[in-house]
Amino acid sequence: MNKNFRMIMFTTFFGLASLPVKANDSSVLGKACKAAVASVFGRDHKSMKLDKIEGDVAFVHYIRSSDHSLWAVKCKLDGDRVIWASNNPDDSKRWRTDPLDDVVKYSIEDTMLTITQEYTDGSSSNDEYKLSGL
């Protein structure tokens, strides 16, 4: 194999491997929801379980270790925003879209998914997750 051909193949392969994942991909929805719930609730992303995806909504739950209670959440994506709502039977199930709600955003670069929380006081925080670990 000649040197130029190998260089073209190498560049093509690694160029394609780093293309961004499409936001409408259901695996991105599930991963973004798991990461967002972990970030919002300050939990380990490994405890997040994807239950199902129905249309454009992902359903995730985790078991809180302190009292073994189940916490269920649903998420949908709107551009780079993760909009979530509780999915517990006794909660209002209100989508967090009010101007007074914190804004949760996601971004994907290479193999990393970043969750950014923008708080109503103007501050923000970031958490990064390996896509392969979600």
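## Overall make-up

Of the 134 residues in the protein chain, 33% are buried. The model is predicted. The chain holds two helices and seven strands. Along the sequence they follow the pattern α-α-β-β-β-β-β-β-β.

About 8,500 Å² of the protein chain is exposed, and carbon and sulfur atoms supply 53% of that area. Among contacts with a separation of 6 or more, 30% are between residues 24 or more positions apart.

## The disulfide

The structure has one disulfide. Its partners are Cys 33 and Cys 75, with an S to S distance of 2.2 Å. The link of Cys 33 and Cys 75 is right-handed, with 65° about the S-S bond. Cys 33 sits in helix H2 (residues 26-41) and Cys 75 in strand E3 (residues 69-78), so the pair ties together parts that are 42 residues apart in sequence.

Both cysteines, Cys 33 and Cys 75, are buried. A disulfide is a covalent bond between the sulfur atoms of two cysteines.

## The nonpolar core

In soluble globular proteins, nonpolar side chains tend to be buried together. Here the largest nonpolar core has 24 residues. Val 37, Cys 75, Val 82, Tyr 106, Leu 113 and Ile 115 touch the most other members. At least two residues each come from H2, strand E2 (57-64), E3, strand E4 (81-86), strand E5 (103-109) and strand E6 (112-118). H2 gives the most to this core, with eight residues. Cys 75 thus appears twice in the picture: in the disulfide with Cys 33, and in this core.

Ile 115 has contacts in several stretches of the chain. Leaving out residues up to four places away in sequence, Ile 115 touches Ala 32, Ala 35, Ala 36, Ser 39, Val 104, Lys 105, Tyr 106, Ser 125, Asn 126, Asp 127 and Tyr 129.

## Strands E1 to E3

E2 is paired with E1 and with E3. Strand E1 (residues 49-54) runs antiparallel to E2, and five bridges join them. Leu 50 stands opposite Val 60 in E2. The two strands, E1 and E2, form a hairpin with two residues between them. Gly 55, in the turn, has a positive phi of about 65°.

E2 and E3 also run antiparallel, joined by seven bridges. Tyr 62 stands opposite Trp 71 in E3. Four residues lie between the strands in the hairpin of E2 and E3, where His 68 takes a positive phi near 60°. E2 is mostly covered, with six of its eight residues buried.

## The aromatic cluster

The structure holds two aromatic pairs. In one of them, the rings of Phe 41 and Tyr 62 have centres 6.0 Å apart and planes at 50°, so the pair is tilted. Phe 41 belongs to helix H2 and Tyr 62 to strand E2, 21 residues apart. Phe 41 is partly exposed, at a relative accessible area of 28%. Tyr 62, at 2% relative accessibility, counts as buried.

Phe 41 also pairs with Trp 84. This pair is edge-to-face, 5.4 Å centre to centre with 70° between the planes. It links helix H2, which holds Phe 41, to strand E4, which holds Trp 84, across 43 residues. Trp 84 counts as buried at 13% relative accessibility. Ring pairs thus link Phe 41, Tyr 62 and Trp 84 into a cluster.

Methods: Residues are numbered from 1 along each chain as its sequence is written. This is a predicted model: local features need pLDDT of at least 70, side-chain atom pairs count only at pLDDT 80 or more; totals for chains, interfaces and linings use all residues. Side-chain values use heavy atoms; hydrogens and water are left out. Buried means under 20% relative accessible area, exposed over 50%, partly exposed in between (1.4 Å probe, protein chains only). Contact means heavy atoms within 4.5 Å. Accessible areas come from the Shrake-Rupley method with a 1.4 Å probe; for residues, only the protein chains shown count as cover. A disulfide is a pair of cysteine sulfur atoms within 2.5 Å. A nonpolar core is a set of buried Ala, Val, Leu, Ile, Met, Phe, Trp, Tyr and Cys residues joined through side-chain atoms within 4.5 Å. Two strands pair if DSSP finds at least two bridges between them. Rings of Phe, Tyr and Trp (its six-membered ring) pair if their centres lie within 6.5 Å; planes under 30 degrees apart count as stacked, over 60 as edge-to-face and the rest as tilted.
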